[in-house]
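Welcome! Below is a friendly first tour of a protein that may be new to you. Please have a look at the picture before reading on.

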Amino acid sequence: MKWLLIIAILFGAPYAARAAEESFGTKIKKVFEPSPTPTRKHRKKKPTPTPSPETSPKRKKASPSPSPTATPKSKSKRKRTTPTPTPEPEESPSVTPAQTPAEGKKGWPNVSLSPDQISGYETYPAKVRQILDAGLALTRDNLGYTYGSADPANGGMDCSGFIYYVLKQNGFPDVPRDSSQQYVWVRKAGNFYAVLSRKEDSFEFDDLKPGDLLFWRGTYNIDRDPPITHTMIYLGREKRTNKRVMIGSSDGRTYDGKQRWGVSVFDFKMPPPPKSGDAKISPVFVGYGRIPGLADG
């Protein structure tokens, strides 16, 4: 029996060792075997949750939404801004000729002076007083500035219309109607004095006399030759201020520093230097001259 036990122990030990080795080996295999299986599963699962079609719809939704909304707004704004400046230059030329915007404007009341308010009026030649008296009488009729009118019955006159009416009524049948031709009328008679200075005390005014016609250019935009746009009659110096004054019709010239619209007495002073390079819209005093035929009247 003892021998049998010894033999069993000797032969059983290696089998037990082999079994232990096998069980340990299987454990090791089990440890290493599950690791590849999950990696394969994870690799297969990773491409599935990140498919490309999920990102593509997001891009499609984002790309169309900004493009249509932004483009029409910009176009609509451009369409609204471009037409607005175009009518402005179209309206300005229709307004600028002949100072028509002054019609209907209300300024300070028209001014009139009596002969005793003008220095040395009693010494003026009789024909000069006759012309100036007729002009001063019109300043008391509350006449406005009306472009194209040379008749006080219309409620107003323009600058050359005032000259035309006064001289026509006082024995000057050849007086032209507009200021440019009135300037030519005086120049042809040889009684014109050009003024280049902008100073009121310039020697160029030494020959200025009451009853002389005064001429400007550039008071408004018009294409004419000669480019004379405004005219008035020199009245003399006012006793109260010793300043030069004139009579005529204007659409905004001043008397005593206040703008008047219509037939009135106005301050005669040199315009300021032009602010624009365009001489057509920069008032410039050109000169003065005797009324043709006045000495013969």
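What follows is a short walk from the overall build to the rings, the pockets and a few single residues.

## The overall build

Please keep in mind that this is a predicted model. The secondary structure of the protein comes to 8 helices and 8 strands. There are 297 residues, and 34% of them count as buried. If you look at contacts in the protein with a separation of 6 or more, 59% of them come from residues 24 or more positions apart.

One helix to pick out is α7, which covers residues 159–169. Its buried residues are Cys159, Ser160, Gly161, Phe162, Ile163, Val166 and Leu167. Just after α7 comes glycine 171, which takes a positive phi of about 90°.

## Rings that meet

Let us turn to the aromatic side chains. The count of aromatic pairs comes to 12. One of them joins phenylalanine 192 and phenylalanine 215, whose ring centres are 6.4 Å apart, with 50° between the planes, a tilted arrangement. Which parts of the chain does this pair tie together? Phenylalanine 192 belongs to strand β3 (residues 192–194) and phenylalanine 215 to strand β4 (residues 213–217), so the pair links parts that are 23 residues apart in sequence. Are these two residues buried or exposed? Phenylalanine 192 has a relative accessible area of 16%, and because buried means under 20%, this residue counts as buried. Phenylalanine 215 is buried as well, at 0% relative accessibility.

Another pair is made by phenylalanine 205 and phenylalanine 268, and this one is edge-to-face, with 6.0 Å from centre to centre and 80° between the planes. Phenylalanine 205 sits in the loop between β3 and β4, while phenylalanine 268 sits in the loop between β7 (258–267) and β8 (284–289), so here the parts tied together are 63 residues apart in sequence. Both partners are buried: phenylalanine 205 has a relative accessibility of 4%, and phenylalanine 268 has a relative accessible area of 3%.

These two phenylalanines also belong to a cluster linked by ring pairs, made up of Tyr193, Phe205, Trp216, Tyr234, Phe268, Phe285 and Tyr288.

## Charges over rings

Phenylalanine 205 has a further neighbour to look for. Arginine 244 lies over the face of the phenylalanine 205 ring, at 5.2 Å from the ring centre.

Elsewhere, the charged end of lysine 258 sits over the ring of tryptophan 108, at 5.1 Å from its centre. Lysine 258 is part of strand β7 and is partly exposed, with a relative accessible area of 28%. Leaving aside residues up to four places away in sequence, lysine 258 touches Trp108 and Arg253. What separates the C-alpha atoms of lysine 258 and proline 109? They are 149 residues apart along the chain, and the separation in space is 9.3 Å.

## Pockets and a cavity

Now for the spaces in the model. The table sets out how the linings divide by residue class.

| Space | Nonpolar | Polar | Charged |
|---|---|---|---|
| Largest pocket | 8 residues | 7 residues | 4 residues |
| Second largest pocket | 8 residues | 2 residues | 4 residues |
| Largest cavity | 1 residue | 1 residue | 5 residues |

The largest pocket has a volume of about 400 Å³. It is lined by 19 residues, and those nearest its centre are Ser250, Gly252, Arg253, Thr254 and Pro283. Which strand gives the most to this lining? The answer is β6, with 6 residues. Both β6 (244–255) and β7 supply at least two residues each to the lining of the largest pocket.

The second largest pocket has a volume of about 240 Å³. Its lining is made of 14 residues, with Pro125, Val128, Lys209, Arg290 and Leu294 closest to the centre.

How many cavities of 30 Å³ or more does a search of the whole structure find? The search finds 1. The largest cavity has a volume of about 40 Å³, and its lining consists of Glu238, Arg240, Thr241, Lys243, Tyr255, Asp256 and Asp267.

Notes: Residues numbered from 1 in each chain as written. Predicted model: local features only at pLDDT ≥ 70, side-chain atom pairs only at ≥ 80, totals over all residues. Heavy atoms only, no water. Phe/Tyr/Trp six-rings, centres within 6.5 Å; stacked < 30°, edge-to-face > 60°. Helix = DSSP H or I, 4+ residues; strand = E, 2+ residues; numbered from the N terminus. Buried < 20%, exposed > 50% of the residue type's maximum accessible area, 1.4 Å probe, protein only. Lys NZ or Arg CZ within 6 Å of the ring centre and 35° of its normal. 1 Å grid on protein atoms, 1.4 Å probe; cavity = no way out; pocket = protein on both sides within 12 Å on 5 of 7 lines; lining within 4 Å. Points joined across faces, edges and corners; volume = space filled by probe spheres on them. Nonpolar A, V, L, I, M, F, W, Y, C, P; charged D, E, K, R; others polar. Contact = heavy atoms within 4.5 Å.
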